[in-house]
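Visitor: Please show me the model, and then I will ask how its descriptions are justified.

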Amino acid sequence: MDDISYAPATGALAWTWALIALPALGAAVLLLAGRRADKWGHWLGTATIGAAFALALTLFASLSGLEDKSGTLDLFTIISVGDLQIDASLLFDPLSAVFCLLITGVGFLIHVYAVGYMAHDEGRRKFFAYFNLFAAAMLVLVLGGNYFMTFIGWEGVGVASYLLIAFWQAKPAAATAGKKAFLANRVADVGFLLAMFTMIGALGSLDFATVFNGAESLSTGTSLAIGLLLLAAACGKSGQWPFQTWLPDAMEGPTPVSALIHAATMVTAGVYLIARSNVIFSLNPDVQTAVVVVGALTLLFGAVVGCAKDDIKRVLAWSTVSQIGYMFLAVGLGGGAFALGIIHLLAHGFFKAGLFLGSGSVMHAMNDQTDIRRFGGLWRVMPWTYATFAAGWLAIIGLFPFSGYFSKDPIIAAAFAREGWQGWVVGGAALLGAALTAFYMTRLFVLTFHGPRRWTEDVHPHESPAIMTGPLVLLGLGSLAAGGLMAGPVTTWLTPVFGEHHEAHGHLSHTQVTIATTVVVVLGAALGWFLFRRGTDEAPRAAAWPVRLARADLGGEAVNRGLFERPSRLVAGASVSIDARGVDGAVNGLSAAIGGGSRRLLALQTGFVRSYALSILSGAVIVVAALMVVVVQ
Amino acid sequence: MNEVQIDWAGLAPMIIVFAAAFGGLLVEATVPRARRLAVQAGLAVAALLAAFTAVVLIHDKSSAAFSIEGTGLGSVVLDGPGLFLQGTIALLSVVAVLLLAERRTTRGGDFVAEAAVVADSAADKAQQREDGATEIFPLTLFAVVGMMMFVVAGDLLTMFVALEMLSLPLYLLCGLAKRRRLISQEAALKYFLLGAFASAFYVYGMAMLYGFAGTVDLAGINQAGIASNQPRLLLYIGVAMIAVAMLFKAAAVPFHMWTPDVYTGAPTPVTALMAACVKVAAFGGLLRVFNVGLESSAWDWRMILMVIAIATMLGGAIFAVTQRNIKRLLAYSSIANAGYLLIGVIALGDAVGSTMFYLAAYGFTVIAAFAVVSLVRDGDEEATHLSRWAGLGKKSPGTAAVFTILMLALAGLPFTSGFTAKFGLFAAALGAGEVGLVVVGVVSSAILAFPYLRVVVLLWLNEPAPDAPTVNLPSPMAGAVVAAGVAATLILGVAPGFLIDIADQASTFLNT
C-alpha cells in the first residue's frame, strides 16, 4: 500500500481552526454573559453555527480544487516527552469535509428549529450554549489530526450530551437517562484510551499518518487488540449492541437534542472512528467480521424493537440504532463499502433530523404527548409537518427514487457480496431489516397522521410556527433528494481516503438485490398500512411473547439490570452502609450531642478508631502473610 | 580526625523554613495581636518562596548533604527527585498558607486558639468569638519542614524523624476548626491515634530491616537485599511494616479509613494542606524507599503492592460514587488518586518523572477545590452537603465555572492537568509493562468521573433552593488560591511540556 501522507494546509484551509472556534466562542459568550444574553443568546448560537456552515462550504470548495485533497494544521504541541510528541493538529480531508458539512449544515437547521421549539423554556440561553458546545466538540472530533485530538472531541461530545440529555433535570427519567448515556460513554472512553495506549506502546505515536503507515508492521495480536478496542469505543458511542440501551433513553432530552444526537453528531462518531481507522480495520479480517456481526445484529435488534414501541420518539430512536447498524455493517465489510457507509450516514443525517424535528412538531401540537396510539388524523391539521414527515418516511424505507434507495440498497448488495455462507447470512439480515424498517415506519406514519382521531380530550392540535416548519421543509427536500444526488459524487470524493472503489460481485447481482429489496419494502409497508389504516387500540393489549419481548427491548434492559445495575447496587449499598457509620454516625452524633446525648457519640467514637485500627492491622497482617507466601515459594 | 563536611547550600531550603518556623514562635511572643496575622502570614509566605528559590538554585545537585572525607553519609540525600518534590511542596505550601490566612469567609478566620477545650463549653464559645489563632503558621511551617525532609531522607531513621515532624503539627491543626468543634476534635484524635499506630509499624519495620541489613541506610539495605546472609524473613517483615506505615500516610486501601473522617473534620485549609502537600511527601518517601532501598527485592513486594494499588483505585472510586458530602467526595477521590500514584511507584524507575508530575498537578487542583469548598457557606458554616450546591451556577456563575473546571480536571478530561497527568502516568506505566494495573486505572478513573460530573450537573442544571448558600466574595486570599490552582490546572493541561521535561530530568535517584 502507498504511504499515507497529508499535505500542510494552505490558502483557505489555514482557517480550519475557525470551524471549531466559532461555535466554541458562541458557547463561551452565552455561558459567560449570563442573563444579559437571554434576549439574543439563541440568535447568537444559531449565527455561529451558520457562519461555521458557510466556512465549511468555503473550505470544501477550496479542498476540491487541491491536488492532494488534504490539509493539516499544527496549532501547537500539547505533549512532548522523549520520542512521543502529540500536537494539537487538525486535518481537513474529504472525510472530515463531509462530516463538517453534515454537522454544521444539519446542525444549523436544528438550531433554527430549536429557536422556536425552546421559545417558552426558561433555560433557552443555556440550552443554546450547550448546543454550541456540542457542535464544537463534534467538530474537534472529526477535524482532529491525530487520535489524541479525536479523543478530546470524543470526551467533549460525551460531556455535552450528558448535559443536554439531563437538561430537564427535574424529570427523574431525564436524570437517569443522562446517567445511562454517561456510563455507555465511559465504556467508549475506556476502549478509546486503551487503544491509544496500545498505539503509543507499539508505534510510539498517535498521528494518523504514522499509525496508518506503521499498522502493517504490527503483529496480528496487536492490530487485533487495537481494532477491537476501537470497535468497543465506537459501539459505546454509537449505541451499537451491546450498548444500545442508552440511545433510546436519550429521548428524555428536548427533541432538538435528539435530532442533533441522532442525525448530525454523537452517534455518527463511532462510524467516523471506524471509517477514519479504515487502514487498521482492513488489516485484520477478524476485526472486520466483528464489526459486521455487530452491525447486522444491531440493525435487526433495532428494527424488531422499533416495531413494538408506541412512543413516537422511541420508535425513531430504535430506528436510529438500526440504521447505524447498517452503517457499521458497511464499514465492517471494508473496501468500497466504507464509502457506502458514509453515504448512508449523510442521507440518514437528513431524514432522521427531519423525522425527529417533525415528531417534535407533533408533540408541540399534542401537549407534549408521545403515544402514537393517541394520535391519528393529524394530516389535516398540520400539513407542513405531514408533508415533510412523509418525505422522511419515504426516504428511510428506501423506495425508488428516494434517498434510502441510493444509500441502503448498495449496502445490502455489498453484504450479499461477502464471501461464503457469511454473505447469505449477513445479506439476509440486511434484507430482513429493510422489510422490518418499512413495516415499523409505516406503522408510525399511519398511526400518527392517518386513520381516526384518537386524541385525548384536552388537545387542540395546530401547525407549528414558520421558524419550525422552515427547517422541516429544507430537511424534507434533503431527505428526498440527498441520497440520489450524493451516491456517485461522494464515492469519488472519498476515494483519496478509502482507495479505489471496486464493484463487488457476489451471490446476487445488483439488479437482483434491488428487486428483492423493493419487493420486501413494498410488502412491509403494505402490511403496515393494511394493519393500521383504521387506527389501533388506545392502550396496548396483552400480546404474544414475541411482542412482549420486543416491547421489553428484547431483554436488553433485563440484561443490563442483571449484569450492571444489580452488582453496582450491591456495591453501592455496601458502601453506603459502611459509610453511614462513618459520616452520618458522626453527624447524627453531633446533633445528638447538641441535644444533650453526647454519650452516644462517645460510644460511637471509640468504636470508630478501634475498627479503623483493626482495618489497618488486618491489612498489615495480610501484607505480611502475602510476603510470607512468597518466602515459602 | 574525621570531620563531617556539611553542604549548607543544599540544606538551605529546609533551614530557611525551619528558621521561619522558630521566628514565627517569637512573633507570637513579641508582635501585638492586631498585627500578628499579617506578620505571620507574610513571614511564612516569604520563607516558603525563599525556600523554593533556594531549591531552584541548587536544582542540579546530586550528592549527600553530609559527608566524611568525600564519602557521602546517607542521612540526607539531595538528588533530582528529592529536590523536585521539595520545590513542589514549597510552592503548594505557599498556596495552602494563603488559604490558612483567609479571614473574610468566617469572621476571624477558620481557627480557634486552643484545640483541647471541651467542645461547646463556655470557654469554647468564648474562643469561637475571638479572632483565630496565628500559631497555625509556625505549626504549618514545622510540618512543611518535616515533609521537605521526608522526601530527601536517605535512611530510615532520618525518615522516621521527618515523619513524626510532619505528623505532630498536623494532628494539632486538625483539631482547631472553629465551627463544628466536636467533629474537628474527633478528627484530630482519630488521626493522632491511628497515626501513632502506624508509626509503631514503621519503627518495628525499621528494626527488622536493620536486623537484616545491619544498616538503616536505604542504599545499604538495597545492597543487603542482594548479598546479605541474614534470613530473608527479616526483610519481608520489615518491608511489610514500613510499607504499611507509609501507605497509611498515603491513604491506600485498607489503610485509608481515617481519610474521609479527618478530611471532613479538619478545618478546610488544613485538609487542603493534607490532600496536596502530605500526599506529595508520602509518595516522595514511597518512591525513594522502593526505588533506592528495595529495588533489589522488587520481585518479592511487587505482587502485594499491586493488590493494594488495585484495591485502592477501585475502592476509592466506588466509595466516591455514593458520597453526598463534597469534602468526603474529595477524600475518596484522594484515595483513588493514591491508587494511581501507586502504579507509578510499582513501575519504578521509568515512571518516577510522570509520578512526580502527577503529584504537582494533582496538588494544585485539589487545593483550589478545597478553597472553593471553603467559600460556599451557609451562614457561618461551610455548606458541605452536595444538595446545598444545587443551582450554584445560577447564583454565582463565576464560582460554579471555576469549580466545574476543577471537577473536570479531577475527572481527567482533556485540556486539564488531570488528563495530562493521568495520561503521562499510565503511558509510562504501560511502557514499564504494567498492563493490568493500567487497565484497572483507566476503568477506575472512568468510574470516578461519574461523581465529579454529577456535581457539574448539580451546579448548572438544578434549581437552587430558596435558602441556597452564599458564596463569600471577595475573599482575597482564598480568591488568590483558587486563581493559582485553576491557572496551574489549565496551564498544565494545555502546555504541560515544560514541567514534564523538568520532572523527567529530575527523575534519577542518587543511589549510593
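Visitor: What makes strands 7, 6 and 8 of chain B an open sheet with antiparallel pairing?

Guide: In this predicted model, the sheet has three strands in the order 7-6-8, and their pairing is antiparallel. Strands are DSSP runs of E of at least two residues, helices are runs of H or I of at least four, and both are numbered from the N terminus. Two strands pair if DSSP finds at least two bridges between them. Strand 6 (residues 376-378) and strand 7 of chain B have two bridges, so they meet that definition. One bridge joins B:Arg377 to B:Glu382 in strand 7 of chain B.

Visitor: Why are strand 7 (381-382) and strand 8 (470-471) of chain B called edge strands?

Guide: Each of these two strands of chain B pairs on one side only.

Visitor: How do you know which helix packs on the sheet?

Guide: Contact means that the C-beta atoms of two residues, placed from the backbone, lie within 7 Å. Helix 14 of chain B touches strand 6, strand 7 and strand 8 of chain B. Its direction makes about 30° with that of strand 6 of chain B; axes are lines fitted to C-alpha atoms, for helices over the stretch in contact, and angles run from 0 to 180 degrees between N-to-C directions.

Visitor: What makes a set of residues a nonpolar core?

Guide: Its members are buried Ala, Val, Leu, Ile, Met, Phe, Trp, Tyr and Cys residues joined through C-beta atoms within 7 Å. Buried means that 20 or more other C-beta atoms lie within 10 Å of a residue's own; 12 or fewer makes it exposed, and in between it is partly exposed. The largest such core here has 460 residues, and A:Leu329 is among those with the most contacts inside it. Helix 14 (residues 352-375) of chain B supplies the largest share, 18 residues.

Visitor: Which residues does A:Leu329 contact?

Guide: Leaving aside neighbours within four places in sequence, its contacts include A:Val292, A:Ile411 and A:Ala430.

Visitor: How many residues does each chain give to the contact between chains A and B?

Guide: Chain B gives 61 and chain A gives 50. Helix 18 of chain B gives the most to its side, with ten residues.

Visitor: How is the side of chain B that touches chain A divided by class?

Guide: It has 45 nonpolar, eight polar and eight charged residues. Nonpolar covers Ala, Val, Leu, Ile, Met, Phe, Trp, Tyr, Cys and Pro; charged covers Asp, Glu, Lys and Arg; the others, Gly among them, are polar.

Visitor: How are residues and chains labelled, and which confidence limits apply?

Guide: Residues are numbered from 1 along each chain as its sequence is written, while chains are lettered from A and ligands numbered from 1 in the order in which they are written. Local features need pLDDT of at least 70 and side-chain atom pairs count only at pLDDT 80 or more, whereas totals for chains, interfaces and linings use all residues.
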